[in-house]
Amino acid sequence: MKKKIIVIGAGVIGATSALALQRDGHEVLLIDRDAPCSGASFGNAGGIVNGSCVPTAMPGILKNVMGMIGQPLSPLSIRPAYLHKISPWLMRFIWQSRLSTVQQNAIYLQSLSHDAVASWKKLTANTPLSCLLRDTGWLKVYESDNAFNNTRNALNLHDQVGSAYEILSAGQIKDLEPNLAPIFKHGFYQKDSISVTDPEKLVLGLVDLFTKNGGSYKQFPVSEITTNEHSVTLKGSSGYLTADKVVLAAGAWSKSLAKQLGDIVPLDTERGYHLMFPESTGSLLKRPVLNGENSFVLAPMNKGMRMTSQVEFAGLIAKPNYSRVRSLIPCAKRMLPKIDTHEESVWMGCRPSLPDSLPVIGFSQQSNHVLYAFGHQHLGMTLGATTAYIVSDLLGNREANISIFPYQATRF
Ligand SMILES: Cc1cc2nc3c(=O)[nH]c(=O)nc-3n(C[C@H](O)[C@H](O)[C@H](O)COP(=O)(O)OP(=O)(O)OC[C@H]3O[C@@H](n4cnc5c(N)ncnc54)[C@H](O)[C@@H]3O)c2cc1C
């Protein structure tokens, strides 16, 4: 039955969901407090990685985190002023790093991500957006035996859940990416993965497709959400909106709205950064390449080479600190000697993250008129289309093709 549905948040999760719901025959209104794609979806590395099964909290994480704090090139930083706020989240995060929990989380991540590519190809088939997806695979490279050997636990998880990969030699890395410096001894390659040449263009294109097909978009910052037996009402600065169903896809900002419905979710943000190098540098690599030593990605895009990096715990409000991503420029040069490292632009975005690395997908405790779809941490681009199909199945009263039980807001 056709329903009136509002989707809150026009990032990749909200945009894909709005389109899938519209194709299911519903009357859909997509809203955002800002312009579409102004959150984390704007500046990611564009990887759509099948079989992304490795949670961030892995065995030994406590020791790793302690070792990283204070190191200038470390991929992790915590603003001192935010330490007391993030501490409960960090405690939960460390609790998630027990081997049995890690193995369970890996299974749940694999269920969501194993057909990420197929979902994206289905969602974008016969649209102009399909040309933004490239069959490139996803490559990680390591200079030292030590850095590569430290990935042993992650490789075991891939084996246990049946997530395909290849281990590459220095020669095989060179064959794939001749412009990389000949310093990488080990490679990890997920051949079936794809990448997006312009994440912003993809998300804006989804919104454009949705509105051209009759969907509506409205700038509307939601401050309150209330439900009754039949509907949901959203309060914003310009009035009220009512719908039969609401999808909450407000990324890292979803926590306070879920709380109004009685769901206390340990959602925080792992802030990440990118730096764009000139357009001419975009052709130096054929695919995104993750530097395993320093945990940054060089991702070739239509507009140039994008270097993404960092997990910074500083909350949603603090000003960006671009110095850490800039400090990686010499590492990018060492990795890709021909790169022109002139800075074209720099950006910070808020990954929506839960301590177990799983998103929240499922109905609110209070009402099955509100469906949550947030908390996709490092994998929102990967899981965008898969999440959209789950959302449209659930709101279409169909069973989703995977059990959504592990992703419920009440799991904490
Ligand atoms: C540096 C970096 C690199 C990354 N690389 C990758 C990658 O290669 N592959 C991958 O899969 N993922 C990657 N990610 C993660 C991915 O970008 C995120 O998981 C994803 O963008 C989250 O999408 P979202 O739609 O949930 O949130 P967002 O894109 O943040 O969208 C949320 C939207 O909700 C709106 N909103 C918030 N509050 C309200 C409100 N009260 N009322 C109305 N609207 C509201 C916001 O304005 C925003 O537009 C990366 C992230 C970063 C930061």
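**Contacts of S231, the ligand shell and a surface patch**

In this predicted model, S231 touches T226, T242, A243, D244 and H369, leaving aside residues up to four places away in sequence. S231 sits in the loop that runs between β11 (222–227) and β12 (232–236). Its relative accessibility is 14%. The cut-off for a buried residue is under 20%, so S231 counts as buried.

The ligand is surrounded by 36 residues. Those that come nearest are D32, S41, Q377, H378 and T382. Several elements build the shell. Helices α1 (12–23) and α13 (380–395) each supply at least two of its residues. Strands β15 (268–277) and β19 (345–353) each do so as well.

Backbone atoms of the protein approach oxygen atoms of the ligand. For A40, a backbone N or O atom lies 2.9 Å from a ligand oxygen. For G380, the distance from a polar backbone atom to a ligand oxygen is 3.0 Å. For I13, a polar backbone atom and a ligand oxygen are 3.1 Å apart. On its own, the ligand has 1,000 Å² of accessible area, and the protein covers 96% of this.

A nonpolar patch on the surface is formed by L62, M66 and I69. Together, these residues have about 300 Å² of accessible area. I69 belongs to the loop between α2 (61–68) and β4 (76–78). The relative accessible area of I69 is 44%. Buried means under 20% and exposed means over 50%, so I69 is classed as partly exposed.

Note on methods
Residues are numbered from 1 along each chain as its sequence is written. This is a predicted model: local features need pLDDT of at least 70, side-chain atom pairs count only at pLDDT 80 or more; totals for chains, interfaces and linings use all residues. Side-chain values use heavy atoms; hydrogens and water are left out. Patches are made of residues with over 30% relative accessible area and no salt bridge: like charges are joined within 9 Å, nonpolar side chains (Val, Leu, Ile, Met, Phe, Trp, Tyr) within 5 Å. Accessible areas come from the Shrake-Rupley method with a 1.4 Å probe; for residues, only the protein chains shown count as cover. A salt bridge is a side-chain nitrogen of Lys or Arg within 4 Å of a carboxyl oxygen of Asp or Glu. Helices (H or I, at least four residues) and strands (E, at least two) are DSSP runs, numbered from the N terminus. Buried means under 20% relative accessible area, exposed over 50%, partly exposed in between (1.4 Å probe, protein chains only). Contact means heavy atoms within 4.5 Å. A residue is near a molecule or strand if one of its heavy atoms lies within 4 Å of it. A polar contact is a pair of N or O atoms within 3.5 Å; within protein, one must be able to donate a hydrogen and the other to accept it, and residues adjacent in sequence count only if both atoms are side-chain atoms.
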